[in-house]
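Hi everyone, thanks for coming. Let me put the model up on the screen, and then we can walk through it together.

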Amino acid sequence: MWWTEDIWLNKKNAGGEERLMFYAGIDAGSNATKTVVFGDEGILASHIIKTGLGGEEQALRCLADTCAKAGISREQVVCVYGTGYGREYLKFPQSHRSELMCHGVGVHWLLPEVRTIIDIGGQDSKGIRLDDRGEVENFNMNDKCAAGTGRFLETMAHALQISLEDIGNYALLASKPVRVSSTCTVFAESEVISHVAKGENREEILLGICQSIVDRVSGIVRSIGVKPPVAMTGGVALNRAVVKLMGDRLGCPILLPPDPQITGALGAALMARRHVTAGQDL
Amino acid sequence: MSTQTKKGRALNSSYQAGNILKEYWEDAARHQAEGRPIAWVSGNVPIELFWSMGVFPVYPENYSAIIASIQRAQEFCEEAEQRGFSNDLCSYSRVNLGIILGKGIKDPGLPFGGIPRPDMLITTRIPCLIQVKWWEAVREFFKVPLFVVDATMIDLPVKEHQRQHYLGQIRELIPIMESKLGVRFQEDKFLEALKLSDEAAGLWLDLLDTRAAVPSPVGSREMCGNVFPLVAMLGSSRPIAFFKQLLEEARECVKAGKGAVENEKIRLGWDNIPMWYNLKFFSDVEDQNIIFTYETYLKYVWGGRMDLSDPWTAFANKHLDVWLNYSIDQRVRTLLSDIPKFKLDGFVFHENHSCKRFAMGQKDAAVAIQEKLGVPSLFIHSDMADPRAFSEGQSRVKMEAFIELLQAKKK
C-alpha cells in the first residue's frame, strides 16, 4: 500500500517477517464491506466489496481477500475488531466498536491534525469532532432519513443513468446548480426526472444533487460545532463536487485521507492492535 | 459492594405497580357503573380537586402509554391518520382518537375493558397546547362539556399575579363541575386531598433523591413503571403506601451499598417522556454497567410539595411549578443544579416528536451543561408512543458511540 509498502518490504528483506503480528479491522457497512490488515508499522492491505446480503460469510471473504493481498495467511491475524452497521451480526471479531469511534481513531492515525470529520456512507452521515488526542468529543448523525447519504446519490445516479463515480466530475462542469428541494430520496428522484424532462442541463442537475447532500449534512456537522482542519471520509468523499461544495459551505478546505472509504476499518484494526499490544480493550 | 441480579426489579415493591394500574382502571369502570361522574383529564390538571369531589379522573394519556407499551400504538395512530389527523400531532392524542373513531372505547380487545365514557372533559394549557385541540375533537364526539384551565409559563418563584390567574380559573371550574356533574365542593375534603397529595409527593421526591447515591438503587426503566400513581392518584390515599414501601427499600439498598446494576460505572440522566414501546432502551444500557438515575419527567412533571399552612397558595404553586411550564432559563438552571447532585456523567435528551413543549430548549440545555459542567449529551430523535419515529439501528449506534465517549472520558 501507498504509505507502508517501503516499511513492509524493508521488514521482509531484513528477515523480520516471522516476528510480525497482524491485526484486522472490518467495517461492515450497509453498502460496502471494508477490511484493513495492519502490521506492526502500518497498513499492509485493504479491500472493499459490496455488502450485498452481508453476513458473516461476506465479511470473512473480504478479510480473506485482504490477507491474500497482504501476502499473509488468515491465521497470522491475531486480533480482529468489527465496526459498521452490520458489526453486531459478525461473530468472529474479538470485539466491535461504533463507526464513530473507529473513524475517529482511523483519521487521527492518518491525519493527526484533523479536528472534525464528516463521514458520509451508504446510509449514514455523521459529524465527528475530535480532541487533540484523537478522542471523540462530540458527534451527531442522521437519525432516520437517508437523504444526504450515499444511497441518495446512488438513486440519483440510477435516475440519470450515469455511473456513481461520474456524478462529481460532471457536476463540477456546471456553473450553477438546479435546485433539488425534496428531502425524501424517492421524491427527489421524481424531481430530478422532471428536471430532465423539462430539458434542464444535466451537469447543473448533478450539481444540484451534490448541493442537496451538502445542505443536509452540513446541518448535522454544524450542530456539533465545526473545528478545522476538517476531513471527509466514506464513499461520498470520492465525489469531488460534494467535497468542494462542503468546503465552500463550511468556509474551510476539506482534507481527504488517501482512501476515504477505509478509515472506519482502519480505526477498527488500530483498536485490534491496541487490544493486543497494550492489553487494552479500547 | 454487593449488587442486584440483572434480571427483575431492583426493588421488590415495584412489582405492585402493575396491580395498582389495573385497579385504577377497574375502579374507573366501577365508578361509572355506579352512576358516579367520570372526567377525562390530562397531565397537570388540578387532580386533588377531582378526587375530593368524587369525580373519577380518567387519563387517556396514560391509556395511550399503556397501548404503546403493549406495542399497539401504531395501529391506532394509523386509524387516526386515516381519518385526517396529522402525524405531526401528539401520538397520545392519535392513539386516543384512533380508539374512539375506530372500534370505539369499549372494544373488548382493549386493555382493562376499554376506557369509561367521559361526563366532562377537563384539560389545562400548563403542559401542552395540542391537548386543548384534542379535547375539542373528543367533545365533538361525546358531546360533553369541556373546561380548559389556563395558566402562564413561569420562572421560579411563582409570582402572585400568576397564582391569582390560576386560582381564578379554579374558582370558575368548581361551580361548573358542580352544575354539570352534580357533585359538591367541600373545602375540608379538598384540604384532606391536598394533605394526601403532599404526603405522596414527599415520599416520591425522597425516593428520587435516594438515586443520587452511588451506586443508584433503582434505574429509569423501573421508575417509569412506578410513576403512574403520582400522575393519576394524587389526592387519594393509594400512592402513599406504595411509595412508602419503595422508599424504605431504596434506603435499605443505599445503606447496604446495593446498586440496581452490576458494578455501576456510568450514570446518565434522561430528559422528556420515555419511549413507552421501548423501555428496553433503558434496560439494554443497564446491562452494560450503566444506569439512568435521573429523569426530568419523573422529578418535575408530577407531584410537588405544598406548604399547607397556606393551602390555596401552595396548591397554585404546585400546579404551576412544572417542568413543561418552565422557561428555558429555568430548565437550564435546574439541570445545572441537579446534574452534579446526581453525579451524572452524561445526559440523554429525547427529542420527542410528539412533545415539542418538552423538547423546547434541549439544545440550550445541552450546550450549558457541556460548557459549565463538562457533561456531554446525546440526542435521540424519537417519539413517546409512535414506534415509527424510532430508528433502531441509528439510535443504537448513537448510544454505543456515546457510551464509548463517556468511557474514554473516564479513563
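Let's begin with one arginine: A:Arg129 is buried, at a relative accessible area of 16%, where buried means under 20% relative accessible area, exposed means over 50%, and partly exposed is in between, with a 1.4 Å probe and protein chains only. A:Arg129 pairs with A:Glu137 in a salt bridge, at 3.0 Å from N to O. By salt bridge I mean a side-chain nitrogen of Lys or Arg within 4 Å of a carboxyl oxygen of Asp or Glu. The partner, A:Glu137, has 25% relative accessibility and counts as partly exposed.

Before going further, a word on what we are looking at. This is a predicted model, in which local features need pLDDT of at least 70, side-chain atom pairs count only at pLDDT 80 or more, and totals for chains, interfaces and linings use all residues. Residues are numbered from 1 along each chain as its sequence is written, chains are lettered from A and ligands numbered from 1 in the order in which they are written, and side-chain values use heavy atoms, with hydrogens and water left out.

How confident is the predictor in chain B? The average pLDDT there is 95, and 98% of the residues score at least 70; pLDDT is the predictor's confidence in each residue, from 0 to 100. Please be careful with residues 1-6 of chain B, where pLDDT stays under 50, although the model gives that stretch 19 contacts beyond four places in sequence. A contact here means heavy atoms within 4.5 Å.

Back to salt bridges. Over all chains, the structure holds 45 of them. Two in chain B are worth a look.

In one of these, B:Glu48 meets B:Lys318, with the closest N and O atoms 2.6 Å apart. B:Glu48 sits in helix H2 (residues 47-52) of chain B and B:Lys318 in helix H14 (residues 311-320) of chain B, so the pair ties together parts that are 270 residues apart in sequence. Helices here are DSSP runs of H or I with at least four residues, strands are E runs of at least two, and both are numbered from the N terminus. Are these two partners buried or exposed? B:Glu48 is buried, with a relative accessible area of 0%, and B:Lys318 is buried too, at 9%.

The other one joins B:Arg305 to B:Asp198, with the closest N and O atoms 2.9 Å apart. B:Arg305 lies in the loop between helix H13 (296-299) and H14 of chain B, while B:Asp198 lies in helix H8 (residues 187-210) of chain B, so this pair ties together parts that are 107 residues apart in sequence. B:Arg305 is exposed, with a relative accessible area of 51%, whereas B:Asp198 counts as buried at 9%.

Helix H8 of chain B also holds B:Ser197. B:Ser197 is buried, with a relative accessible area of 0%. What does B:Ser197 touch? Leaving out residues up to four places away in sequence, B:Ser197 touches B:Glu48, B:Leu234, B:Gly235, B:Met306 and B:Lys318. Two of those names, B:Glu48 and B:Lys318, are the salt-bridge partners from a moment ago.

Now to where the chains meet. The contact takes 25 residues from chain A and 19 residues from chain B. Together the chains bury about 1,700 Å², 48% of it on carbon and sulfur atoms; buried area is the accessible area (1.4 Å probe) that two parts lose on being put together, summed over both. In chain A, A:Phe139, A:Asp143 and A:Lys144 lose the most area to chain B, together 35% of what that side buries.

How many salt bridges are there between chain A and chain B? The count is two. One pairing is A:Glu88 with B:Arg396, whose closest N and O atoms are 3.5 Å apart. On the chain A side, helix H3 (99-110) and strand E8 (136-141) are the elements that give two or more residues to the surface touching chain B. E8(A) gives the most, with six residues.

To finish, there is a network of salt bridges linking A:Arg87, A:Glu88, A:Glu99, B:Glu392, B:Arg396 and B:Glu400. Thanks for listening, and I'm happy to go back to any of these on screen.
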